[in-house]
Amino acid sequence: MTERTTDPAPHEPRRDAGPGQGAGVVVVAGALYDRGRLLAARRSAPVELAGRWELPGGKLEPGESPEEALVRELREELGVEVEPGERIPGEWPLKPGYVLRVWTARLLSGEPRPLEDHDELRWLSRHELDSVDWLDQDRPAVAEAALRLPPAPVDGARG
Ligand SMILES: Nc1nc2c([nH]c(=O)n2[C@H]2C[C@H](O)[C@@H](COP(=O)(O)OP(=O)(O)OP(=O)(O)O)O2)c(=O)[nH]1
């Protein structure tokens, strides 16, 4: 899906001006699922967010669809290939001018590694979701992501 944009300078992150979409920089994050678990990532920067846990992702760039941004960000940050799924309904304010939108995603290949922006990753099963210190702004998104967590397969297959 292609969303409308204003006319950002080429070096600036994409700003969204669609009706009812809210203005601001869109941060696309992934609720990445594998074998009944959700991936949580601990930020290493900036200092005010370091040590807190989030759903990995990043800013939408000009000309990208959210799904393309998600695939790119998770490749860059984690070194994995993912298949985006549905958008999790909702939009969560981050710092002023930034909003978080979340898509489900399924791990296709690779084992996530904290290559950029993070210093630790954890796969959390449903009963472990409260075991990390999520960024406050991510908590409602994580709650929605948890509702969509696929059941753990009995045969160890991916899904
Ligand atoms: N990716 C991500 N960022 C989040 C979340 N919650 C939250 O407050 N943020 C903030 C942290 C950053 O200030 C901003 C996203 O920036 P980023 O640093 O992850 O994005 P990016 O990879 O495109 O950035 P850059 O290093 O290329 O500048 O949103 C979240 O769940 N996921």
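A residue is called buried here if 20 or more other C-beta atoms, placed from the backbone, lie within 10 Å of its own, exposed if 12 or fewer do, and partly exposed in between. The structure is a predicted model, in which local features need pLDDT of at least 70, side-chain atom pairs count only at pLDDT 80 or more, and totals for chains, interfaces and linings use all residues. Residues are numbered from 1 along each chain as its sequence is written.

**View 1. Helix H1 and its surroundings.** Helix H1 (a DSSP run of H or I, at least four residues, numbered from the N terminus) covers residues 66-78 and reaches 17 Å from its first C-alpha to its last, close to the 18 Å expected at 1.5 Å a residue. Its buried residues are Pro66, Ala69, Leu70, Val71, Glu73, Leu74, Glu77 and Leu78. The cover over them includes S1, S4, strand S5 (81-93), S6 and strand S7 (118-125). Gly79, with a positive phi near 70°, follows H1.

**View 2. The shell around the ligand.** The ligand is surrounded by 18 residues, the closest being Glu54, Gly57, Gly58, Lys59 and Leu94; a residue is near if its C-beta atom, placed from the backbone, lies within 6 Å. Strands (E, at least two residues) S1 (25-34), S4 (57-59) and S6 (98-109) each supply at least two shell residues, and S4 gives the largest share, three.

**View 3. Confidence.** pLDDT, the predictor's confidence in each residue from 0 to 100, averages 88 over the chain, and 82% of the residues score at least 70. The model scores ipTM 0.92 and pTM 0.85.

Note on methods: The expected span of a helix is 1.5 Å times one less than its number of residues. Two residues are in contact if their C-beta atoms, placed from the backbone, lie within 7 Å.
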